[in-house]
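Subject: A structure to look at

Hello,

Here is the structure I promised to pass on to you. Have a look at it first, and then read on for what turned up.

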Amino acid sequence: MKKNSTEPVISIIIPIYNVEKYLKRCLDSVEKQIYTNLEIILINDGSTDDSLVIAEEYAKKDSRIKIFSETNHGLSAARNLGLKHVTGEYITFIDSDDYVSNDYVSYLYSLLEKSNFTASMSICSLMNVYEDSGKEINTGNNKEYTLPGKECIKMMCYHDLVDTCAYAKLGSKELYNDFEFPEGKVFEDIGATYQLFEKANKVECGFKPKYFYNIRSNSITTQKFTTQKLDLLEMTDKMADDVVQKYPDLKKAVLRRRIYARFSTLNQTFTSKGTVKIKEIRNELIKFIQKNHKELFFDKNVPKRDKVAYLSLCMGFNFYKSSWNLYSKIVK
């Protein structure tokens with residue numbers, strides 16, 4: 001596909017691991033971008049299905065596509081490998097089971113252009129797509145703002161429009177200098193994205209859904225509970241400690257995110273049998289929530305859902321579990 005050489009090269013990093021069911025949809029959406037001066041970097045993370053075959057088929061037709069393969073080291077390692085190979089002036093990520101609107105890149109770039117490129121990052125919103133039902137939920141408000149990185153961190157901690165995800169963002173190459181995703185971890189985005197916001201002088205925010213986030217029934221958040229899922233707590237607590245050290249006035253915001261991480265982890269133990277270890281984990285999670293619930297209730301920025309969740313938990317774990325399952329069915 002012909003590039004427009006008057007525009008800077010934008011690098012798109014797409015990690016690939018056993019996504020043959022979704023990869024064509026993802027790559028089709030990337031190839032159809034209105035913004036054409038792209039470098040499309042596909043990182044094959046040791047796929048054992050036909051993902052690499054599909055990627056190679058697309059590379060034959062599109063000279064913008066570069067493929068790099070490695071043995072399976074996980075999503076963070078794949079993204080880090082992609083960062084080592086970028087040559088573009090700006091970088092964005094897309095997960096290979098998701099897809100984007102045809103103006104995804106052009107919209108993010110236009111946000112930077114609007115500020116005469118004085119901002120080092122732009123972000124857009126997600127359209128949550130529930131695979132089983134096909135239901136779509138816009139996570140944005142369709143408005144645009146220019147915000148300091150610190151404010152983005154605060155909003156991220158309160159789940160207020162700004163997301164922790166690596167994707168749905170466009171950053172200057174310089175922004176990613178000396179930056180790495182934490183390898184060997186799940187829920188790695190919460191342990192990484194805040195660092196970009198800390199480095200960003202300001203962020204152009206366009207809360208319009210340009211990124212379609214595919215919520216699968218076998219995603220990391222819906223799979224059977226394992227102790228690896230406790231990475232969410234480690235990643236969140238590291239973020240909290242780092243942010244408070246730099247911005248002491250964001251203590252309440254990061255505490256809310258830590259409480260949310262405990263609720264999220266608690267939810268993922270629902271399908272686990274009542275072994276001694278699971279009971280201990282649940283007790284520790286509930287203990288943390290109960291210890292900090294006053295901060296949660298008297299913080300006006302905390303979503304009402306959190307407060308309702310705490311009240312449900314006060315009625316006992318089984319009541320909370322039933323309430324959350326009912327809420328989840330309504331959302332989906």
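The helices and strands named below are DSSP runs, numbered from the N terminus, with at least four residues for a helix and at least two for a strand. Please keep in mind that this is a predicted model.

Asn116 and helix H4

With that naming in hand, Asn116 can be placed in the loop between H4 and strand E6 (121-130). Its backbone caught my eye: phi of Asn116 is positive, near 60°, in a residue other than glycine. Most residues other than glycine have a negative phi. Is Asn116 buried or exposed? With a relative accessibility of 60%, Asn116 counts as exposed, because the cut-off for exposed is over 50%.

The helix ahead of this loop gives another picture. H4 covers residues 104-114, and 8 of its 11 residues are buried, so the helix is largely enclosed by the rest of the structure. Those buried residues are Tyr104, Val105, Ser106, Tyr107, Leu108, Tyr109, Leu111 and Leu112.

The loop between E7 and E8

A positive phi turns up again at Asn142, at about 65°, and Asn142 is not a glycine either. You will find Asn142 in the loop between E7 and E8. Its relative accessibility is 44%, so Asn142 counts as partly exposed.

Asn141 is in the loop between strand E7 (136-138) and strand E8 (144-147) as well. Asn141 is partly exposed, with a relative accessible area of 28%. Which residues does Asn141 contact, leaving aside its neighbours within four places in sequence? They are Leu161 and Phe207. Lys208 is 67 residues away from Asn141 in sequence, yet their C-alpha atoms are 6.7 Å apart in space.

Two buried residues

Ala55 belongs to helix H2, which runs over residues 51-61. The relative accessible area of Ala55 is 2%, so Ala55 is buried. Beyond its neighbours within four places in sequence, Ala55 is in contact with Ile16, Leu23, Leu27, Leu42 and Ile67. One of these partners, Leu23, is 32 residues from Ala55 along the chain, and 7.9 Å separates the two C-alpha atoms.

Arg216 sits in a loop, between strand E10 (203-215) and H7. Is Arg216 buried or exposed? Its relative accessibility is 18%, so Arg216 counts as buried; the cut-off for buried is under 20%. From Arg216 to Asn44 the C-alpha distance is 20 Å, with the two positions 172 residues apart in sequence.

Helix H8 and its surroundings

H8 comes up several times, so I have kept its findings together. To begin with, helix H5 (residues 149-157) packs with helix H8 (residues 251-267) at an angle of about 35°, and their axes are 8 Å apart. The crossing of these two helices is left-handed. On the H5 side the contact is made by Lys154, Met156 and Cys157, and on the H8 side by Ala253, Val254, Arg256 and Arg257. By class, this contact has 4 nonpolar residues, no polar ones and 3 charged ones.

H8 also takes part in the second largest pocket, whose volume is about 150 Å³. Which residues line this pocket? They are Ala240, Asp241, Val244, Lys251, Lys252, Val254, Leu255, Arg258, Asn292 and Glu295. Helix H7 (231-246) and H8 each supply at least two residues of the lining, and H8 gives the largest share, with 5 residues. The lining of this pocket divides into 4 nonpolar, 1 polar and 5 charged residues.

How many cavities of 30 Å³ or more does a search of the whole structure find? The search finds 1. The largest cavity holds about 40 Å³ of space, and its lining is made of Lys252, Leu255, Arg256, Ile259, Glu295, Leu296, Asp299 and Val302. The elements giving two or more residues to this lining are H8 and helix H10 (293-297). Here too the largest share comes from H8, with 4 residues. The classes in the cavity lining are 4 nonpolar, no polar and 4 charged.

If you open the model, Lys252, Leu255 and Glu295 are good places to begin: they are among the residues that line the second largest pocket, and they are also among those that line the largest cavity.

Best wishes

Note on methods:
Residues numbered from 1 in each chain as written. Predicted model: local features only at pLDDT ≥ 70, side-chain atom pairs only at ≥ 80, totals over all residues. Heavy atoms only, no water. Buried < 20%, exposed > 50% of the residue type's maximum accessible area, 1.4 Å probe, protein only. Axes fitted to C-alpha atoms, helices over the stretch in contact; angles between N-to-C directions. Left-handed = near helix turned anticlockwise from the far one by under 90°. Contact = heavy atoms within 4.5 Å. Nonpolar A, V, L, I, M, F, W, Y, C, P; charged D, E, K, R; others polar. 1 Å grid on protein atoms, 1.4 Å probe; cavity = no way out; pocket = protein on both sides within 12 Å on 5 of 7 lines; lining within 4 Å. Points joined across faces, edges and corners; volume = space filled by probe spheres on them.
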